[in-house]
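Below are some comments on the model, set out as numbered points. They start with the fold and end with single residues.

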Amino acid sequence: RNNAEGLKLYEQAFRQMGLEYIPSAANFILVRVGNGGRVFDQLQRRGVIVRPMGGYALPEFVRISIGTSEENARCLEALKEVLALE
């Protein structure tokens with residue numbers, strides 16, 4: 001249930017932010033953020049850990065694991081901050 005709610009939250013937020021994402025039924029979601037490595041670095045500096053997907057030939061994507069509702073909200077806020085710097 002937590003996973004389904006988290007995926008729905010991220011999908012809705014990404015649509016509002018105008019970000020492309022790959023729909024998922026897993027415990028993570030891939031989102032296109034531009035320079036995935038740079039976004040990874042900036043999020044990590046804010047204490048938010050995602051995975052850059054450059055090693056999978058998807059350099060513009062990061063993988064975000066579904067967490068608690070508080071973790072998901074924190075991740076989205078940090079992502080908005082980072083993308084505003086782009």
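1. The protein chain holds three helices and four strands. Read from the N terminus, these elements follow the order α-β-β-α-β-β-α. Please keep in mind that this is a predicted model.

2. On overall dimensions, the C-alpha trace of the protein chain extends over about 30 × 25 × 20 Å along its principal axes. The radius of gyration of the protein chain is 12 Å, which agrees with the value near 12 Å that a compact globule of 86 residues would have.

3. On burial and contacts, 36% of the 86 residues of the protein chain count as buried. About 5,200 Å² of the protein chain is exposed, and carbon and sulfur atoms supply 50% of that area. Among contacts in the protein chain with a separation of 6 or more, 60% join residues 24 or more positions apart.

4. The largest pocket encloses about 190 Å³ of space. Its lining is made up of 13 residues, and those nearest the centre of the pocket are Val48, Ile49, Ser65, Glu71 and Cys75. By class, the lining of the largest pocket has seven nonpolar, four polar and two charged residues.

5. Which elements supply at least two residues each to the lining of the largest pocket? They are strand S4, residues 61–65, and helix H3, residues 69–85. H3 gives the most, with four residues in the lining.

6. Ser65 belongs to strand S4 and is one of the residues nearest the centre of the largest pocket. Its relative accessibility is 39%, so Ser65 counts as partly exposed, between the cut-offs of 20% and 50%. Leaving aside residues up to four places away in sequence, Ser65 touches Tyr10, Asn27, Phe28 and Asn72. As for distance along the chain, Ser65 and Gly18 are 47 residues apart, and their C-alpha atoms are separated by 20 Å.

7. Asn72 is placed in helix H3. Is Asn72 buried or exposed? Asn72 counts as buried because its relative accessibility is 2%, and buried means under 20%. Not counting residues up to four places away in sequence, the residues that Asn72 touches are Gly6, Leu9, Tyr10, Ser65, Ile66 and Gly67. Tyr10 thus appears in this list and in that of Ser65.

8. Phe40 sits in helix H2, which covers residues 36–45. With 17% relative accessibility, Phe40 counts as buried, because the cut-off for that class is under 20%. Phe40 touches Val50, Arg51, Pro52 and Val62, again without residues up to four places away in sequence. Phe40 and Ala73 are 33 residues apart in sequence, with 17 Å between their C-alpha atoms.

9. Ala57 deserves a look at its backbone. Most residues other than glycine have a negative phi. Ala57 is not a glycine, yet its phi is positive, at about 65 degrees. Where does Ala57 lie? Ala57 is found in the loop between strand S3, residues 51–52, and S4. At 63% relative accessibility, Ala57 counts as exposed, because that class takes values over 50%.

Definitions and conventions:
Residues numbered from 1 in each chain as written. Predicted model: local features only at pLDDT ≥ 70, side-chain atom pairs only at ≥ 80, totals over all residues. Heavy atoms only, no water. 1 Å grid on protein atoms, 1.4 Å probe; cavity = no way out; pocket = protein on both sides within 12 Å on 5 of 7 lines; lining within 4 Å. Points joined across faces, edges and corners; volume = space filled by probe spheres on them. Nonpolar A, V, L, I, M, F, W, Y, C, P; charged D, E, K, R; others polar. Rg over C-alpha atoms; globule rule 2.2 N^0.38 Å. Buried < 20%, exposed > 50% of the residue type's maximum accessible area, 1.4 Å probe, protein only. Contact = heavy atoms within 4.5 Å. Areas by Shrake-Rupley, 256 points an atom, 1.4 Å probe, with all protein chains shown as cover.
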